[in-house]
Structure formats: C-alpha cells, structure tokens
Amino acid sequence: MTIAVTGAAGHLGRLAIAALQERGVPADNIVAIVRDTAKATDLAAAGVQIRAADYADPVALREALAGVDKLLLISGSEVGQRLPQHTNLIEAAKAAGVRSIAYTSILAADTSPLALAAEHKATEELLAESGIAHTLLRNGWYWENYESAVDTAKATGALFGAAGTGRVAGAARKDFADAAAAVLTTDGHDGATYELGGDQHLTYADIADVLSRILGTDVTYKNLPQAEYATILEGAGVPAPFARILADSDAGIAAGALDTDRDDLRRLTGRPSTPPADVLGA
C-alpha cells in the first residue's frame, strides 16, 4: 500500500511521515508531495519517495499521485487559496485512482463561526461529491500557535488576545499527526468524521499561567476587543489580512469554537494529548 502526504515538507507533513514510519509503513511506500524538492532532501535520504507538484498544476498533481492508494490531504497554508488548491488535489486524486483521502479540516467545520472554517467546509463538501472514500480529521488548535506568545510574555509580562473566557482544547502537532497515521494505517475509517481536541480545556488565563511557570515570572492575560487585538498584531508586523484572521479566531474561541468534549484524538492515538507546557517550554 502506498500512502501520499501533501505539504510533506511542512511541520505537520513531516510529523505525519514520521508517524507512518513509527506504525510500520516502509519509507519507500510513502510519497512526499512537495513544491520544492530541495526542502525534502532529508526525507529522500531516508528512503521516502519525493514527488514535486504545485497545487496550481493539475497535471503535475496527477503524476504525483500515480500509484497512490491513500492520500493524507493536509490543508493548504494559503488562506483564501485553499479551495482552488484542494479542488485540484481532489480532482487529481480521482483521476489517479486514489482509493481514499484523509483530510485535515477544522473543529466543527460545518457549523463553526470561524472565518477559517469556510474553506474547510467547502472542501468537505467537495470530498462528499467526489465519490472517493474519505475521512474528515477535524483538527483543533495547535499549542504551537502560542509559541510566539512566549517571547512576548517574557518581554511584557502579558499574554494578549481577544478570547475572553473561552476554552481551547488544544494539542501538539504531533498528536494530530499520530491520529492521521492511525487512520491511514488501520481499517474502518471511511466516512468517519473525527472532532480532534486535546484533553486539556484551557482559557487564555490558564495559558498565561502555563507561561508563568515556563518563564518563572508572572504572566497576565490581557483581554482586548477583537479589532484592537488585530491592530496590535499588525503593529507587531503581522500582515493585516492574517491579523484579522487571528483576531477572528480568538473571537471564535470566546464563542467555544475551538473546544470539544469529544475524545476522538485520545481514541485514535491511544494516549493522552500533549500538555501545552511540553510544547511551549521546549
């Protein structure tokens, strides 16, 4: 069985490939689909098949997916471009005869108020219409999303955000990668939708406490209006469109959009999720 991973040179892609190997998939049965092969020389050296394809090139995508049985479609990183990119990938997978697709979506994509959810919801609908067997991996928030907050907290003694008292059921990227590998290497997942959240349900005040323990100094959560938080992010050098997305995500957290009581992540990985201190204190 040959398994392909898109975005294979990225953080989640690399972790997914490692997780597949940990579950016994031989390296030469894994296809890493990348835009720039120079960024995957280590994977090639380990025996992984490297195939170059740009999401905007349907012909290259079909060639990259030739002989592939299962595909881990890691959602594109370019917000606003994901739907056309995912459309090309799904159509290429169908043309290449890929048997099943596991797609990394977002928690409760069909009902989420997050601006980020729209492209995920549309992709899920494309998969439903494609006729290809598929599994929805609705990933929650990565604890890694708060890595930049460590330096800010160290400099200012504060964690800034617009999440109010909303809770985040976060987990490490590795947790989500391990869940994807479990789906790709075991049976019974076609047609399933997994809501993947971690075991800890933390408010931003709780995350500030985690940062306090990591840094050995008091860190306080400063809750801001959504628009003001976006302005602060822009002032820190975040491009305006992405700053608005981040502020919108915090507003979604305030509304409960990134929390879940489902234990799908634990059941798929067979272990507790990674605590934020293990990620942010590394």
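Visitor: When α4 passes α5, what makes the crossing left-handed or right-handed?

Guide: The crossing of α4 and α5 is right-handed, and the name goes to a near helix turned clockwise from the far one by less than a right angle. Keep in mind that this is a predicted model.

Visitor: How do you know whether α4 and α5 are roughly parallel or oblique to each other?

Guide: Look at the angle. The axes of α4 (residues 82-96) and α5 (residues 117-130) cross at roughly 20 degrees and come within 10 Å. Angles under 35 degrees count as roughly parallel, so that is what α4 and α5 are to each other.

Visitor: Which residues of α4 meet α5?

Guide: On the α4 side they are Arg 82, Leu 83, His 86, Thr 87, Ile 90 and Lys 94, and among their partners in α5 are Glu 119, His 120, Leu 126 and Ser 130. The residues of this contact divide into five nonpolar, five polar and three charged.

Visitor: And what are α1 and α7 to each other, roughly parallel or oblique?

Guide: Helices α1 (residues 11-22) and α7 (residues 173-185) pack at about 50 degrees, with their axes 8 Å apart. Roughly parallel ends at 35 degrees and roughly perpendicular starts at 65, so α1 and α7 are called oblique. α1 passes α7 in a right-handed crossing. Residues making the contact include Leu 12, Leu 15 and Ala 19 of α1, plus Phe 176, Ala 177 and Leu 184 of α7. The residues of the contact split into nine nonpolar, two polar and four charged.

Visitor: Now the sheet. Why do β3 and β8 stand at the edges?

Guide: Read the order of this open sheet of seven strands: β3-β2-β1-β4-β5-β6-β8, with parallel pairing. β3 (49-52) and β8 (193-196) each have a single partner strand, so one side of each is left without a neighbour in the sheet. Neighbouring strands are turned by 20 degrees against each other on average, direction ignored.

Visitor: How do you know that β5 and β6 are joined, and how many bridges are there?

Guide: Pairing takes at least two bridges, and seven join β5 (residues 100-106) to β6 (residues 133-139). These two strands run parallel. One spot to find is Ser 105, which stands opposite Arg 138 in β6.

Visitor: Where does α4 touch the sheet?

Guide: α4 packs on the sheet and touches β1 (3-6), β4 (70-73) and β5. The direction of α4 makes about 180 degrees with that of β4, and angles over 145 count as roughly antiparallel.

Methods. Residues numbered from 1 in each chain as written. Predicted model: local features only at pLDDT ≥ 70, side-chain atom pairs only at ≥ 80, totals over all residues. Heavy atoms only, no water. Axes fitted to C-alpha atoms, helices over the stretch in contact; angles between N-to-C directions. Helix = DSSP H or I, 4+ residues; strand = E, 2+ residues; numbered from the N terminus. Parallel < 35°, antiparallel > 145°, perpendicular 65-115°, else oblique. Contact = heavy atoms within 4.5 Å. Nonpolar A, V, L, I, M, F, W, Y, C, P; charged D, E, K, R; others polar.
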